[in-house]
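Here is a guided walk through one protein chain and its ligand. Keep the sequence and the 3D view side by side as you read.

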Amino acid sequence: MDQAIFKTHSDMVLNLVELERYPIADLDQGPGAAFLAECQAQMEEHGWCNLDGFIREDALEALAAESNALLPNAPVLTIKRTIYQGAVDPDAPSNDPRRQEYMHKAVQLADDQIPKETLLQQLYQSNLLTEFVRRVQQKPQLYRCADEFQALNVVALQPGSWHAWHYDTTECTVTLLLQAAEEGGEFAFLPNSRTDVSEDKNAVTRLLTGDMSAAQTFSRGAGTFTLFRGGYSLHGVTKVQGARPRVTAILTYDEQPGRVLSDDVNIRIYGERVEKILAERASA
Ligand SMILES: O=C(O)CCC(=O)C(=O)O
Ligand SMILES: [Fe+2]
């Protein structure tokens, strides 16, 4: 692919983002400072910040093409988990839907399968973007995740697939929609359905039993950049319909520098391919 048009600035985010609308180059004064304040207010009030049309049209085409070229080599992962991705509330009755494991399938590229020279990796590696994500959340420090598999992922939901309801294990998830579904494939969530100490169990149970009336969604065309406090709002993606897959990049950040996941967790998420890599490394 001809990347020449994306080489004007050394920090890739400046080549790809719609800077007129989203002036992230300078967040300390003028339009950038006003924009940042808006994002911070959104995040604080609603727990999300949804930036529609964040990526320029030509850049989006290049990013989507790049991912679509890599995805045929990605494994199909079967993800089966409770909404908490772990320990279930011991007080929940045995037939409680919150005890149930939900399953979905995704075609998923792990970080080590996304070459460093891709525009997408360069976007993720952007210090300006990391700084923007940190400041929207008003964190004193934020780092890109150091895990060789987890840091940056591309997830394709094929027609007929959904992303099962869950809470994220990190507080804030950052996504970039690279290719929208023709129909369906909506990001849906129950705003602030839990805190560190409590959960709106009625609302959660209603959603899990198919009542979407309290769920919110926002319109997200391809190129939308979303920050979302997914650790506190139950969420998922509705069934993808139409002919093409829905493709999202997941950008992972952490308040701790150098954070990596345990081998067990990575094997559970990424399956056989990663199990083999780790076994070979251990025996070398
Ligand atoms: O694909 C999305 O928009 C959301 C994905 C998600 O919830 C996650 O990866 O944790
Ligand atoms: Fe999530």
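**From one threonine to the whole fold**

Start at threonine 248. Leaving out residues up to four places away in sequence, threonine 248 touches Val155, Thr175, Leu176, Leu177 and Leu178. Threonine 248 sits in strand E14. Is this residue buried or exposed? Threonine 248 counts as buried, because 27 C-beta neighbours lie inside 10 Å; the cut-off for that label is 20 or more. Now look across to asparagine 127. The two residues are 121 apart in sequence, and their C-alpha atoms are 21 Å apart in space. Bear in mind that this is a predicted model.

Threonine 248 also leads to the ligand. Which residues surround ligand 1? They are Val155, His163, Asp168, Thr173, Thr175, Phe187, Gly230, His235, Val237, Thr248 and Ile250. Val155 and Thr175 are thus in the shell, and both are contacts of threonine 248. Three strands each supply at least two residues of this shell: E7 (173–179), E12 (234–237) and E14 (246–251). By type, the shell residues divide into 4 nonpolar, 6 polar and 1 charged.

Step back to the whole chain. The secondary structure of the protein chain comes to 8 helices and 15 strands. The C-alpha atoms fill a box of roughly 60 × 50 × 40 Å along the principal axes. How does the radius of gyration fit a compact globule, and why? The chain has 284 residues, so a compact globule would have a radius of gyration near 19 Å; the chain has 19 Å, which agrees. Buried residues make up 37% of the 284. Contacts also reach along the sequence. Among those between residues at least 6 apart, 83% join residues at least 24 apart.

Next, follow alanine 106. This residue is found in strand E3 (residues 102–109). Alanine 106 counts as buried because it has 24 C-beta neighbours inside 10 Å. Setting aside neighbours within four places in sequence, alanine 106 is in contact with Leu77, Ile79, Val155, Ala156, Leu157 and Ser161. Val155 appears again here, having already appeared around ligand 1. Alanine 106 and valine 247 are 141 residues apart along the chain, yet their C-alpha atoms are separated by 9.9 Å.

Move to the loop between strand E2 (76–81) and E3, where arginine 99 is found. Arginine 99 is partly exposed, because 14 other C-beta atoms lie within 10 Å. Its contacts, with neighbours within four places left aside, are Thr82, Val88, Ala92 and Ser94. Arginine 99 and asparagine 202 are 103 residues apart in sequence and 14 Å apart in space, C-alpha to C-alpha.

Now turn to the helices. Helix H2 covers residues 30–46, 17 residues in total. From first C-alpha to last, H2 reaches 25 Å, close to the 24 Å expected at 1.5 Å a residue. What follows H2? Glycine 47 does, and its phi is positive, near 85 degrees.

At the far end of the numbering, two helices pack together. Two packed helices are described by the angle between their axes and the distance between the axes. Helix H7 (residues 263–270) and helix H8 (residues 272–283) pack at about 145 degrees, with axes 6 Å apart. H7 contributes Asp263, Asn266, Ile267 and Tyr270 to the contact, while H8 contributes Arg273, Val274, Glu275 and Leu278. These contact residues divide into 4 nonpolar, 1 polar and 3 charged.

Finish with two backbone details. Glutamine 138 lies in the loop between helix H5 (127–137) and strand E4 (143–144). Its phi is near 55 degrees, a positive value in a residue other than glycine. Glutamine 138 counts as exposed because it has 11 C-beta neighbours inside 10 Å. Asparagine 192 is in the loop between strand E9 (187–190) and helix H6 (201–208). Here too phi is positive in a residue other than glycine, near 45 degrees. With 14 C-beta neighbours inside 10 Å, asparagine 192 counts as partly exposed.

Technical notes. Residues numbered from 1 in each chain as written. Chains lettered and ligands numbered in written order. Predicted model: local features only at pLDDT ≥ 70, side-chain atom pairs only at ≥ 80, totals over all residues. Near = placed C-beta within 6 Å. Helix = DSSP H or I, 4+ residues; strand = E, 2+ residues; numbered from the N terminus. Nonpolar A, V, L, I, M, F, W, Y, C, P; charged D, E, K, R; others polar. Rg over C-alpha atoms; globule rule 2.2 N^0.38 Å. Buried ≥ 20, exposed ≤ 12 C-beta atoms within 10 Å, placed from the backbone. Contact = placed C-beta atoms within 7 Å. Expected span 1.5 Å × (residues − 1). Axes fitted to C-alpha atoms, helices over the stretch in contact; angles between N-to-C directions.
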